[in-house]
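Student: Could we take a close look at one single part of this model and see what it packs against? I would like to follow it step by step.

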Amino acid sequence: RLRRALERCDSVVEAHPNQPQPRNERALLHSLAGDNTTACRDSLAAAKLLKQLPAQPPADPLLVEEIELRAKSCRLITSAPAADAPSPAGSGG
């Protein structure tokens, strides 16, 4: 069923390429499927599209918060140092 849900989401994203919500929904499905790389790609794309929306009418605040939170998590994951990387000088660790 997850595969079919992803296929439907793909169709919605294709039909509405400039809307952040379909990409946000698809990011969740990819995350549930264990594909975090693709989930983050959609989350970051949704955040970018969110910034391009007109100011009026304002976007749903819950949607904005969800997209921003997911994008922030992806940025932290993708910019985190490798586990075996040396600690920064003077960090005491």
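Tutor: Let's start with R23, which sits in helix 2. Keep in mind that this is a predicted model. Is R23 buried or exposed? Its relative accessibility is 19%, and buried means under 20%, so R23 counts as buried. Setting aside neighbours within four places in sequence, R23 is in contact with V13, P17, D42, A45, A46 and L49.

Now move along to P20, another residue found in helix 2. Because its relative accessible area is 1%, P20 is buried too. Again leaving out neighbours within four places in sequence, P20 is in contact with A46, L49, L50, L53 and I67. Take the pair P20 and L53: they are 33 residues apart in sequence, and their C-alpha atoms are 8.7 Å apart in space.

With those two residues in mind, let's step back to the helices. A general point helps here: two packed helices are described by the angle between their axes and the distance between the axes. The axes of helix 2 (residues 20-32) and helix 3 (residues 36-52) come within 8 Å and cross at roughly 165°. An angle over 145 degrees counts as roughly antiparallel, and helix 2 and helix 3 are therefore roughly antiparallel to each other. The crossing in which helix 2 passes helix 3 is left-handed.

Which residues make this contact? From helix 2 come P20, R23, N24, R26, A27, H30 and S31. Helix 3 brings N36, T38, A39, D42, S43, A45, A46, L49 and L50. You can find our two starting residues, P20 and R23, on the helix 2 side. Sorted by class, the contact of helix 2 with helix 3 has seven nonpolar, six polar and three charged residues.

Finally, look at the largest nonpolar core, which has seven residues: A46, A47, L50, L63, V64, I67 and A71. Helix 3 and helix 4 (61-79) are the elements that give two or more residues to this core. Helix 4 provides the largest share, four residues. Some of these names should be familiar: A46, L50 and I67 are among the residues in contact with P20, and A46 is also one of those in contact with R23. Another core member, L63, touches Q21 and N24, not counting residues up to four places away in sequence. N24 also appeared earlier, as one of the helix 2 residues in the contact with helix 3.

How values were computed:
Residues numbered from 1 in each chain as written. Predicted model: local features only at pLDDT ≥ 70, side-chain atom pairs only at ≥ 80, totals over all residues. Heavy atoms only, no water. Axes fitted to C-alpha atoms, helices over the stretch in contact; angles between N-to-C directions. Parallel < 35°, antiparallel > 145°, perpendicular 65-115°, else oblique. Left-handed = near helix turned anticlockwise from the far one by under 90°. Contact = heavy atoms within 4.5 Å. Nonpolar A, V, L, I, M, F, W, Y, C, P; charged D, E, K, R; others polar. Core = buried A, V, L, I, M, F, W, Y, C linked by side-chain atoms within 4.5 Å. Buried < 20%, exposed > 50% of the residue type's maximum accessible area, 1.4 Å probe, protein only.
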